[in-house]
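Reader: I am in my first year and still learning how structural terms are applied. Could you take me through this structure and explain what lies behind each label?

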Amino acid sequence: MENTIPRRVYDFLKEFPPFNLLDRDLLMRISERILVQYRQSGEIIFRQGDPPNTHIYIVREGAVHLLWEKDGEPVLVEECDEGDVFGIRPLLAEENYALTAKVVEESLIYAINVEGFKEVLEKNPKVAFYLASTFASGIGENYRRQGKPMLFLDQDKMADVSFPLVEVQSLEKSKDPVTCLPDTFIREAAVIMSQREVGSVIIVDEASHPLGIVTDKDLRSKVATGQVGLEKPVAEIMSSPVITVGPHITVADVQIEMVKNRINHLCITEDGTSASPVIGVLSEHDLMVVQGNNPALLIREIRRCRNGKELRHIRERAEDLMKKYIYQEVAIAFISTVMSEVNDELITQSIKLSQAEMDEEGRQRPSAGFCWLALGSEGRQEQLLRTDQDNALIFEDVPEVDYEPTKNYYLQLAEKVTRLLNEVGYDFCPGDMMASNPSWCLSLEEWKAQFSTWIFEPSPKAVMYCTIFFDYRPIYGMEELATALTGHIFENIGGQAIFLGFLAKDALQNPPPLTFFRNFVVENGGEHKDEFDIKARAMMPLADAARVLILDAKVGKINNTFRRFEKLAELEPIHKELYEQAADAYEILMRYRALQGLKNKNSGRYFKPSELSKMERVNLRNCFQPIKELQSLLTLRYQLAYLR
Amino acid sequence: MIFDWVAKLLGPIPDYPEFWRQYLDSFDGTLGKRTPIEEINFVVFDTETTGLDARKDRILSIGAVKVKNWQIDLGQRLDCYVQQSYTPIGETIEVHGILPGVNNENNIDEIEAVQHFVGYCHNSVLVGHHVAFDVSMVNQVLKGMIGQRLANHRLDTAALAVRVSEKKGYEQPGTYGLDTLCRKYKISMSDRHTAAGDAFITAVLLMKLLARLKKRGVKTLGGLLRSPSF
């Protein structure tokens, strides 16, 4: 039998991913069994929610739309034309179709029955990596990197993306509404508004029943223009009556009320009428925050928080936002930037609140300034879910007489901050790597000495500290203190090859993630028996390797592991491919950890391999490949065979 | 006389070789005028020959694919080259690029090729571009072999195309040639002039023509066969 027709199919397929990644023989075998389907406009190839059939589809000519059907309304997710592959992920991941494929013009579709070589496709590391990376990276990135992405997700995950119009979540937050009496001077009201950082104040009578509202806009249009004097009562400029609603109202209701009345604020009262006490205020801004699609607003909200409970509430909303990003397959680089911003702001606000508290207690702020450092994963800007806190504090060098009071002040401050962060949901560090520990609340001079000790007298314990402390990042206060410390470290490391050797050796300490038979290594006993430790087995080896290499390259200020690898790829073109793979792998691992954490409502560190889908297991295994290669690179570069 | 009829009814005439008996058996009455297009087994085929005279020219290769329910399964294709000791005519070599007499281990003789083909088709509807010629080429071989000819329904894509176009009056010569139709229906013309390549192209053309006829209410084999012969 000759192969004229399949050869033509082969020539076509080999131009497009993932087929271009297959070896010749396999692709030829696939080509010999292809089904050439003629499809007319309007035909449905598969429907959202259907179990996958045994075919992968590729458009030979014509066009197919992938639609996400939500409440019977189809939303166009992707348009496939010549060479575009669809229906591949559900098949390999053994999941139902997340989208509907609808033919929109007369088309020829190649349908590939994978029965028989599904295994081969899955096991092909290049294909799995292709699928994993299209899964892991954002859409924009994908278009640039390797053609169109495949937006095939679990169905239930897609469903989660649409946020239901539930009861207004921020009601709780505005339960303490800003109010004043009608005879309050406009000047006073303005002071109250700016102090409480709100855009409106409700004017109430003695019984707390609402009479009217004064907003920023009223101040601008009626007072700033000189129309009404600052010493007049607010009653003169308030809008009245105020529109009131009851406490059990949905986002949709609020939107309707606002549009109907052309207003930006609603007053919540106990019974929904103006004849009952005010219990809250809803602004358009609150609505946007509830809808949860704006990290900038979340960050602004953090600045208005007055206690740990409020901060915790925001952090939970940030997690909802992250969940949405994760399920929408937004690039991890973006997600981690947003979450770091939120974390940083939470820490900053905790510090500010604690300082204010100490001011109130009558504690004099020392003349020496300080810098708050985040360590570990937050230092690396990789903390998506809340984990233990790791932090430290540097204060400016002071004359000896001032040392004790300064240190005392900062220890007390750190004590308050860490307690507040604990309330927000960041557990205390079990190893006490916190600024409230006298060993980690030091002057710049002391810190320099500490790092010198670690560098010049490396011991296993010192190296352990290094892996945590070297990822420090200034969060609040005098950044120049951190910069000075970094300079000191690079100066010292220069002459200390042995130190990097120790650090590199430590990077090899983590046990390999797979057994000889390519099964996941699970914990033998304890609380996490039979669970896989994604942090220790897969992420730390990559983070550790990145740290050694970046320290060696004397690059400061890049703390993020995948950004470190990206930088390394730039610096060492010979290992470009490996570093890029490592960066990709780390992103994928972060995503898995976040997904598992969201699913199991924990930090995502431990999970049972059996709970992963087959494709997820294959993807994960492929992420481990660069670990092995990096470890041999470290061994070679730092001649670790001798050190052992 | 009556006994012949009974014998015919009871079973195939034992003198025929196995492949032909199986072929005759395949006409079991399941395919009829009311069979919907979706259920028809089509065999779209093409032969490359030494010339255009069925009586003296010989088959160089046969290519065929099966079409059913708007789908071509490449796993079930026929693509064979025939070993001929025939002196070629220069022109055909140029067209097909097949050099007769060159010993290729994949090549089989003409009889074997036709047996393959008959076994491949069974009672399917035979489709080709100017299918009458290709059928007569096969029949020529069958006639010499066992004195039989193909009994299948046939569809000519050229004739279907005429029916689809609905043009009346004078048309340029070549309007219904395969090349012209491929351009008209935007069919990629790779491997034109190999039997298998042409069969595949014709199969795609068939599906596109069938879809257009179906829109006009042609839904069964009966409706298709009403097309004018060409």
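Author: Gladly, and please keep in mind that this is a predicted model. As a background, chain A has 25 helices and 18 strands, while chain B has nine helices and seven strands. Buried residues make up 55% of the 644 residues in chain A, and 48% of the 230 residues of chain B count as buried.

Reader: What makes A:Arg473 a buried residue?

Author: The relative accessible area of A:Arg473 is 12%, and buried means under 20%, so A:Arg473 is called buried. This residue belongs to strand β16 of chain A, which covers residues 473-477.

Reader: Which residues does A:Arg473 touch, not counting residues up to four places away in sequence?

Author: Its contacts are A:Ser340, A:Asp344, A:Trp372, A:Leu373, A:Ala374, A:Glu378, A:Gly379, A:Gln381 and A:Asn559. One of these, A:Asp344, is placed in helix α14 of chain A.

Reader: Is A:Asp344 buried or exposed, and how do you know that?

Author: A:Asp344 has 14% relative accessibility, and because the limit for buried is under 20%, A:Asp344 counts as buried. Leaving aside neighbours within four places in sequence, A:Asp344 is in contact with A:Glu378, A:Arg473 and A:Ile475. The C-alpha atoms of A:Asp344 and A:Pro474 are separated by 9.5 Å, although these residues are 130 residues apart along the chain.

Reader: What share of the contacts in chain A between residues at least 6 apart in sequence join residues at least 24 apart?

Author: In chain A that share is 71%, and for chain B the corresponding value is 71%.

Reader: Why is α14(A) called oblique to α16(A)?

Author: Helix α14 (residues 332-360) and helix α16 (residues 400-424) of chain A pack at an angle of about 130°, with their axes 9 Å apart. Angles over 145 degrees count as roughly antiparallel, those of 65 to 115 as roughly perpendicular and those under 35 as roughly parallel, and the rest are oblique. The angle of about 130° falls in none of the three named ranges, so α14(A) is oblique to α16(A). In addition, α14(A) passes α16(A) in a right-handed crossing.

Reader: Which residues meet where α14(A) and α16(A) are in contact?

Author: From α14(A) they include A:Leu346, A:Ile347, A:Ile351 and A:Met358, and from α16(A) they include A:Tyr409, A:Leu413, A:Val417 and A:Leu420. The residues of this contact between α14(A) and α16(A) divide into 11 nonpolar, four polar and two charged.

Reader: What makes α17(A) roughly parallel to α19(A)?

Author: Helix α17 (residues 444-456) and helix α19 (residues 479-494) of chain A pack at an angle of about 25°, and their axes are 10 Å apart. Angles under 35 degrees count as roughly parallel, so an angle of about 25° makes α17(A) roughly parallel to α19(A). The way α17(A) passes α19(A) is a right-handed crossing.

Reader: Which residues does that contact of α17(A) with α19(A) bring together?

Author: Among them are A:Leu444, A:Trp447, A:Phe451 and A:Ile455 in α17(A), which meet residues of α19(A) including A:Leu481, A:Leu485, A:His488 and A:Ile489. By class, the contact of α17(A) with α19(A) has 10 nonpolar, three polar and one charged residues.

Reader: Why is A:Ser208 called partly exposed?

Author: A:Ser208 has a relative accessible area of 32%, and since buried means under 20% and exposed means over 50%, a value in between makes A:Ser208 partly exposed. A:Ser208 lies in the loop between β8 (200-204) and β9 (210-215) of chain A, and the phi of A:Ser208 is near 70°, a positive value in a residue other than glycine.

Reader: How do you know that A:Asp432 is partly exposed?

Author: For A:Asp432 the relative accessible area is 32%, which is in between the limits of 20% and 50%, so A:Asp432 is partly exposed. A:Asp432 sits in the loop between α16 and β15 (441-443) of chain A, and has a positive phi of about 55° although it is not a glycine.

Reader: Where does the loop hold A:Pro241, and what is the peptide bond from A:Ser240 to A:Pro241 like?

Author: A:Pro241 is in the loop between α9 (216-223) and β10 (244-245) of chain A. The peptide bond from A:Ser240 to A:Pro241 is cis, with omega near -5°.

Notes. Residues numbered from 1 in each chain as written. Chains lettered and ligands numbered in written order. Predicted model: local features only at pLDDT ≥ 70, side-chain atom pairs only at ≥ 80, totals over all residues. Heavy atoms only, no water. Helix = DSSP H or I, 4+ residues; strand = E, 2+ residues; numbered from the N terminus. Buried < 20%, exposed > 50% of the residue type's maximum accessible area, 1.4 Å probe, protein only. Contact = heavy atoms within 4.5 Å. Axes fitted to C-alpha atoms, helices over the stretch in contact; angles between N-to-C directions. Left-handed = near helix turned anticlockwise from the far one by under 90°. Nonpolar A, V, L, I, M, F, W, Y, C, P; charged D, E, K, R; others polar.
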